[in-house]
Each structure stands twice: as C-alpha cells, then as structure tokens.
Amino acid sequence: MSLLSVQNLSLSIGPLPILKDVTFSIAPGEILAVTGESGSGKSMTALAVMQLLPDSAQTTGHIMLRDEELTAQSEKSLCAMRGNCIGMVFQEPMTALNPLHTIGQQVVETIRMHAVMPKAEAEAQAAAMLTRVGLPQDRFPLSRYPHELSGGQRQRVVIAMAIARRPRLLIADEPTTALDVTTQAKILDLLKDLVAEYDMGLLMITHDLAVVADMADRIVVMRKGEVVEQGDTKHLLANMQHPYTKALFKASGHQVDLPSAKDGTPAILSVRDAVRDYALPRTQLFAPRAYHRAVKGVSFDIHHGERVGLVGESGCGKSTLTRAILGLEPLQDGSITAFGAPVGPDMPATSRIKTQVVFQDPYSSFNPRHRVACILTEPFHLVDTPPTGDALTQVISDVLTDVGLQPSDSQKYIHEFSGGQRQRIAIARALITKPELIIFDEAVSALDVSIRAQILDLIAELSRRHNLAYLFISHDLSVVRSVTDRVLVMQNGEIVEQGETEKVFTAPQHPYTQALINAAPVLPDLAALTSQTETSHDSA
Amino acid sequence: MLRYTLKRALSLGLSLVVASLVIFFVIEVVPGDPASFMLGLNAQPDTIAALRSELGLDVSKLERYLVWVGGMLQGDFGTSYTYSTPVTEMIGDRIWVSLPLALYALTLSTLIAFPAGIYAASRRGKPGDMAVMGATQLGIAVPNFWFAMMLVLIFAINLRWFSAGGFAGWDKGAAAAMKSLTLPAIALALPQSAILARVMRSALLDVLGEDFMRTARAKGLTRRQALMRHGLRNAMIPVLTIIGMQFSFLLAGAIIIEQVFFLPGLGRLIFQSISARDLIVVESVVMLLVFLVILVTFLVDLAYAAVDPRLRSRT
C-alpha cells in the first residue's frame, strides 16, 4: 500500500484556481520529486498535504496518509499528525528557525509536542538527532542560537526538527535552493541517507531538474496547477511524452550559440593586485581596528569583446570585487583601470559610461513609480550632452527593440511586466549608453529555466551585435559554462584558477574547482538514456 | 552581555552631560530676570543687584553651571527663589505622586493593551479585530482630560466610589494613596493602551508572516501555541520601545491630568515654577525628568538584550 496517496486534488483560493485534479502517490522509502516552474502549484501541493493552507483555500479530492483521510481530520488531530507523522523542511534556512530560541529548544519542542517525557530525555534525543544530521554536540551544543550557524548548518537543524519524531513522510520544499553547491550536495546526500535509514517517504519540491534527475525515484511534472506527466525517473527522462516536459528539460540544459572569441584584442579592464578590506566593529574602545580582507590581491584582464565568467560560493568576495570594478568602493591596495582610466569612487561620471551593470533581482532593482522611459534614460546623467526630443525617443525605441520589447513599452510602469521582461528592461538600461563592458551580477539566477534560456540567448545575441565584453558572475556553473570564453574561480577572496572555460570545466586543476564541479548537479545525458532503455527493450 | 551593558551605561552618562548643558544654557537665554521679577516693578537697581548676588546670579555662567551640576551630584538641587525652600525637598514631595502615578498608569495600559493586541492579531480581519481596532481608534482620538472628567462624573459624583480629586498622602496608608491615584491613572492609561494595543497587533502580524511561524505550525503547534511561544517574544522589540516612550510621557506629561485631579505632582510644580521665573526649580525638575527618561531608555536597551540573543553576542 502506498504511504501517501493524493487523488484528484483540486484547490482554489477565492475565485482563483490553484490546483486541478492532482493525483500521485509515494511508497515508503521512495523519493518523489515534484517539479515545475514558478506558479505551477508545487509548493501549494506540499502545503495541502500538511493541511497548512491559507484560510480562504477550498479543496476537493482526497489526501490519504496510509488509510487516514487528511482532508477530513479535525484541526486537533492534524496538529497531532504534523511534526509527528509528517515532517517538513523549508526553503529558507536563514529564516525558518526562531532567532530567539536555541537550536536545542527548537528540536526539543518537536519531541515534547508529541510525546510526554522528562526534559532531560527529550534533550538527549535532540542531541542524538542533531549529531545524526551532522551537528556533533562537542561543536554544536544544544545551547547554540541560529545566528551562530551557517546556512547549511541551519538547514541541518531544520531537518533534525522535521525528523526528530521519525515521521513516515518527509516533505522538503526547495530544501537546497538557498544553499551553495557544495553545501547542497551534502544536504541532498543527508536526505537520501535518512530516507533509506528510516524507510521514510520523501516528497521533494524543486525547480532544479538536475537535482531531480539525481535524487528522485519518480518524478511529477507540474504546470499551472496540473500534473502534465509523471513516472519512474529513468523511464520518464528517456521517454518524455508531454511537450512541456521536453521544453523544460531543453531549457535547463540550454546551450547558447556564442559567437567565437577573437584573439589579440586590447584589454579594456585591468585589475592588478586588488585588495579590499572591510573594517570590523570595534571590540575594545582603544584597540586598533580589526579588518576583514574580502578580496586578497586579485589580478585579471578583460579584453575587448571578451566574455568572462566569475564563479564562487557565497562569501568568496564576488560581490565585493564587482563593487570595486564599478568604482563604487575604494581599494586598499592595487589598482583597477578601465578604458585607460583609473577606477574608483572619485572617478568622473563620464568615465562610468562604458561600464554598466545588470543586477540579480528584477523585482527590486527598479523604482516602481517611474515609467520605463524614465528608468531607461537614467544612465544619461553620466553624459555631458544627453540626447533630447526626437533623438531621445529614437534611442529609447532602439534599445527596447534591441532587447526584444516594443517601443510602446516605454510609457508603461514596471509592475506591468513579468520577471523575464523586467530583466530585459534592466539589460536595456545597461545598453543605452552604448557601453563596451557589462557586468551581469547573478543576472539570470532569479528566473525560471525557460525564461533564463531566452535571456541567455539575448545576451549572446547582443554580444554578437554590439561586440560586447562582459563579466558574468554566477553561482550556477552550467550557465557560466555556456555563455563565457574564459572563467575565473574565486575562493576566500582569491582567484584560485582561471583559464578557457571549456578547459577549466573538463580538466580543473585546483582542488576547489574540482570540488565545485563535482558538487554541481548535472542533467543526465538524455540521448544516452534513451539509447540505454532502447537496448534494454531490444534485449528483452 | 557585560560589554553591551557597559557600552549602554557609557552612552547614558554622556547623554546626561549633554542634556545638562542644553538645559542650563537654554534656560539662561530665556528672558526674564528672577531677581527683578521677585521684587516687582518699582524695585531699586541696587536692591535688585543685592538680591542677584544673594541668589548667586552675579557670577559667570560657567561657574554657575559647575555649582549647579556639582550640587546635583551631591543631591543638592539648590534653593527655590520664590519659596526659599530647598528644591530637593519640593521635588521629594512631588515625585512620590508622579512616579507612582506613571507606574500605575503604565501597568494598567500594559494590562489592557497586551490582551487586546494579541486578541486582535489572532482574529485579523474578523469582527473581534475590527471591534478592538475601532475602540483603539476612539481611545487615541479622545483627549485624556475628557476621560478624566467622565470618570469623575461617573465614579466620583454619581457612584461616590472615589473622591473627585486631591491626594490622600502616603502617611494615610498605601491603600488610600493608591485609591486617590486610581482615576487619574485610568484616565492616563486609556489613550496609552490604545496606542500600545495597535503596536502590539501590528508587531504580532509582522511576526505571523515570518517563516519560523510556519515551521512552528509544521511541528504540530496549534495556531495559539505558535503565537504564544514563538510570536510574542519576537514581537516584543517594537512593543518595548513604545512602553519606554510612554513611561517618559506619563512622568512629565501628566500635567493636565494633575490639574484636573488637583494632584501635587511634578507637572504642576514645573508649571508653577515657569510662571514664577523660578529658574533653579525649572532647571532641576527638567534635569530630573531627563535623567529618568534616559534611565528608562537604558533599561529598555537592557530589556532588548534580554529578549534577543543576537544583541547579546554583538558587542
């Protein structure tokens, strides 16, 4: 008998339909991945199983845990079930824990919520559970507070809380999306081990198809609240039926058609032994101030028309280096020159024209009260004689057409656009001064895979059309691999390896690069999978 | 935690020095010479000069500032120009009215506001929430002296439960003294509790949207348990800030209520002293109030650290 069985689940919030006829089941010890793009209803499915839906939600259909119908339970028996029979792990480890309680208190709370036992016994159980998830008591005593732990460690605490009562079903909603690749690999391994050890069912929600292919026994693909396709992982990947599934996988492994790199072009950006220190808060009144060195003597060049990638995990100094290259913060040692002129906070405005930037979050990097035309023309503050009148209108419509939008979009406000369109506007804003170098700071990280593929194509196309050079900063190795000629790998403020992108990815030299590449989940080779199943069919 | 406390204590000391300078020199600039005011319009210049020297007004400003501060440090606030009694004595009588009144009102305000705010937040958008919000709107809009008059009308004149004004004095026993402070404390507490209840509600609603509240529900806590165990303490930071500000206001701002109920408090003292140009009393009372307000801020800072471990570990 299956552990969890969801049958014809439909859900609406007010007049808005969220889920339509969702049906799937999970067996004990099985990992089921629910995947799809944002708005597909994956997270709502998870919350429906937990019966933690918003008050206005209306559901029909059945959710059976073993032989108990969850939709018919009273709130009291649901509370007795949550945390006890079903555990849940959330996306954001930084905010999922109560900052005012110790990690021990939080794990003990789950235990004593569902079992009557003395505090000391619950604490012993909590300590054992934390040790099991990789937080040994000698280094992570129960008295630690969440703010004293890293993101990956906090996620381990959340997992310990979720499995403290050995639930039969564990739900993990994007459990590693907010983590670095090496941490992600460790957390995924931990989840896999726990499923095997406790014979739990794992319902895993994720948008990352590489993770899905790597982890799941079975896959459910959702789109706009409906299940479009489901089945055994290997079989589904080899015989994708639905066009949406095919499109999703195609977009995930999207290869950009990058124009070939030209050799011997002059350097437009030179970073030489750049050092950037941050002052730490004073611990003693008259002691000398302590500093944290975020960038430690970094040197590299970007040549005219060259596409360079910068990869590294959070805290490695990527963003600090970006701010220095943009001349927003001063260096403590070394130098940066762009287009022959020194870069720094005091550089003249006109020197900033040739270097522009595109940021990560298309939702928060625009002023919502400005029209698109006003947003786009902002960089003209840097120009001595900005275009006016008809010339200005022409520039705006040119740049909008360039990024695949309509000239008439210039009169709209930013809330009228989707995330992908907003990122196009961000690129248009960077392009309007006709720069020769653009910094893309995690510019596609917040986008769904299909939108991401379109934006990557646009970036490649613009680089061809305008002979643009760019520095592409990302934590996503597969994206960097497809859109850059050369790559820099950064760790603890230093560039530990650099070279031609393909060379670095196929034969990484530095142990850190090797670790990064090994940890990054990769999409399975679909062609190989298909032929594999065909041969097995033939031999059968 | 020790480092944090010392840092806050240092900032408390510096604030007091700055405040004393500001108070002294602002009052120096105010026109009106106490000596000529006391002697009336027809006084001879040499009589005024004699009085000025007797009051210690004829030395340099810096010297007078140092004498004033030095005296205060030893508990000597000088002598009132008009009553010729030590200011310490005048303050001593009145602070035993004002301080208990402020604490009484603050306690009442908190006792009303906490349940009301928690109730409203847990019933967001429902009739119970709207009723509480409507009542608090009224509580903020209506001035406290109107409440005071209504309370006198109902409980003193009609029901005759309380006296309409005056202070029984602590020598008649704590019960009698507290009884005479009850109506003023209620009048002061009502508008304050309305503000505090709204702050409590919105702080709780902010916390209810946090991820860790969802985590708590996923562990099997009921809505109520999640609210009480995880919500309340996280909502305390903004609430503590407002409580600290309200205490300061209640201490010095009770002047109208003291007037309505004929209470011999600090508010009345400061009002009378200003009218009589009794600079030394004004300076001393204001300095005392500033000291109490800064002390409350210091205590609120310590309370923050008690609530939030992140502040404790940050030095």
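**Sheet, core and chain contact in a predicted model**

Colleague: What makes S12-S11-S14-S15 of chain A an open sheet, and what is the sense of its pairing?

Modeller: In this predicted model, four strands of chain A are arranged in the order S12-S11-S14-S15 as an open sheet with antiparallel pairing. Strand S12 (291–303) and strand S15 (341–342) of chain A each have a single partner strand, so one side of each lacks a neighbour in the sheet, and both stand at the edges.

Colleague: How do you know that strand S11 and strand S14 of chain A pair?

Modeller: Pairing requires at least two bridges. Strand S11 (residues 267–279) and strand S14 (residues 333–338) of chain A are joined by five bridges in the antiparallel sense, so the criterion of at least two is met. Within S14(A), Ala338(A) is the residue opposite Leu269(A).

Colleague: Why is the set that includes Ala160(A) called a nonpolar core?

Modeller: Such a core consists of buried residues of nonpolar types, Ala among them, joined through C-beta atoms within 7 Å. The largest one has 222 residues, and Ala160(A) is among those with the most contacts inside it. Helix H8 (residues 174–208) of chain B supplies the largest share, 15 residues. Domain 1 (4–252) and domain 2 (267–519) of chain A each contribute at least three residues to this core.

Colleague: What is the basis for saying that chain B is in contact with chain A?

Modeller: The cut-off is a C-beta distance within 7 Å. By that criterion, 19 residues of chain B are in contact with 25 residues of chain A. H9(B) gives the most to this side of chain B, with six residues. The side comprises five nonpolar, six polar and eight charged residues.

Key:
Residues are numbered from 1 along each chain as its sequence is written. Chains are lettered from A and ligands numbered from 1 in the order in which they are written. This is a predicted model: local features need pLDDT of at least 70, side-chain atom pairs count only at pLDDT 80 or more; totals for chains, interfaces and linings use all residues. Two residues are in contact if their C-beta atoms, placed from the backbone, lie within 7 Å. Helices (H or I, at least four residues) and strands (E, at least two) are DSSP runs, numbered from the N terminus. Ala, Val, Leu, Ile, Met, Phe, Trp, Tyr, Cys and Pro count as nonpolar, Asp, Glu, Lys and Arg as charged, and the others, Gly among them, as polar. A residue is buried if 20 or more other C-beta atoms lie within 10 Å of its own, exposed if 12 or fewer, and partly exposed in between; C-beta atoms are placed from the backbone. Domain bounds come from an automatic or database domain assignment.
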